[in-house]
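This report concerns aromatic contacts and strand pairing in one protein model. The sequence and structure are shown first, and the discussion follows.

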Amino acid sequence: MIPQDRHVPERLFLARHGQTSWNLEHRLQGQLDSPLTTEGVRQAKAIAEHLANSDITVVCTSPLGRALRTAAIIAERLDVELVEVEDLAEVHHGEMAGLTWEEIDVRYPEARADRAANRYGWGFPGGESYAQARARARRALSVCGWAASGVPLLVSHEMIGRMLRAELRGLDASSALALRHPHDVVFEIENGSERIR
């Protein structure tokens, strides 16, 4: 669980950015970017409407374009402040960013097996591992805690989102890596307990 000396919100909401062009192409984005699709914009607007009567006081977002656009749509609808938090950026995919797994299999033929052997500790070449990203997730939660005078909404990505949820819920690596976060789902997490909002 989260140490009590860190300023982490007891309650928060967590959303993933809307669907992007590269999501449709099954292309790894990492810290590169691709635009939201029409469906992705619709998802962001739907989340905004869904949360319109919540008690969210600030939206903390990854600085990457797909999350920032999603967060801006939500923050405008909720009429709350938007705060960019660098550590909410997606896991860094290094040299593999922008590639499909089929392309990765050609360029890095051992990568899939190496990753399967230690998915938590394996790092993308020139990028980072889940283990390294979990340290960023801890920092991001603290920053969002300090940024919020009430309940924050965090808008981020699926992979770093697993680490955020692991920190908030006290999950081990295996449990964290099994988590999924569809584009149109918002989680409410309070004192280590999670529910779909």
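The model is a predicted one, and it contains 1 aromatic pair by the criterion of ring centres within 6.5 Å. This pair is formed by Trp122 and Phe124, whose ring centres are 4.8 Å apart; the angle of 65° between their planes is over the limit of 60 degrees, so the arrangement is edge-to-face. Both partners fall under the 20% limit of relative accessible area and therefore count as buried, Trp122 at 13% and Phe124 at 5%.

A further ring, that of Phe187, has Arg165 over its face, at 3.9 Å from the ring centre. Phe187 is also the bridge partner in strand E5 of Leu14. Strand E5 spans residues 186-190, and 4 of its 5 residues are buried, so the strand is largely enclosed by the rest of the structure.

Strand E5 pairs with strand E1 and with strand E6, as the table sets out.

| Strand paired with E5 | Residues | Sense | Bridges |
|---|---|---|---|
| E1 | residues 11-16 | antiparallel | 5 bridges |
| E6 | residues 193-196 | antiparallel | 4 bridges |

In the pairing with E6, Ile189 stands opposite Glu194. Strands E5 and E6 form a hairpin with 2 residues between them, and in this hairpin Asn191 adopts a positive phi near 50°.

Strand E5 thus links several of these features: Phe187 is the partner of Leu14 within the sheet pairing, while the ring of Phe187 lies beneath Arg165.

Conventions. Residues numbered from 1 in each chain as written. Predicted model: local features only at pLDDT ≥ 70, side-chain atom pairs only at ≥ 80, totals over all residues. Heavy atoms only, no water. Phe/Tyr/Trp six-rings, centres within 6.5 Å; stacked < 30°, edge-to-face > 60°. Buried < 20%, exposed > 50% of the residue type's maximum accessible area, 1.4 Å probe, protein only. Lys NZ or Arg CZ within 6 Å of the ring centre and 35° of its normal. Pairing = 2+ DSSP bridges.
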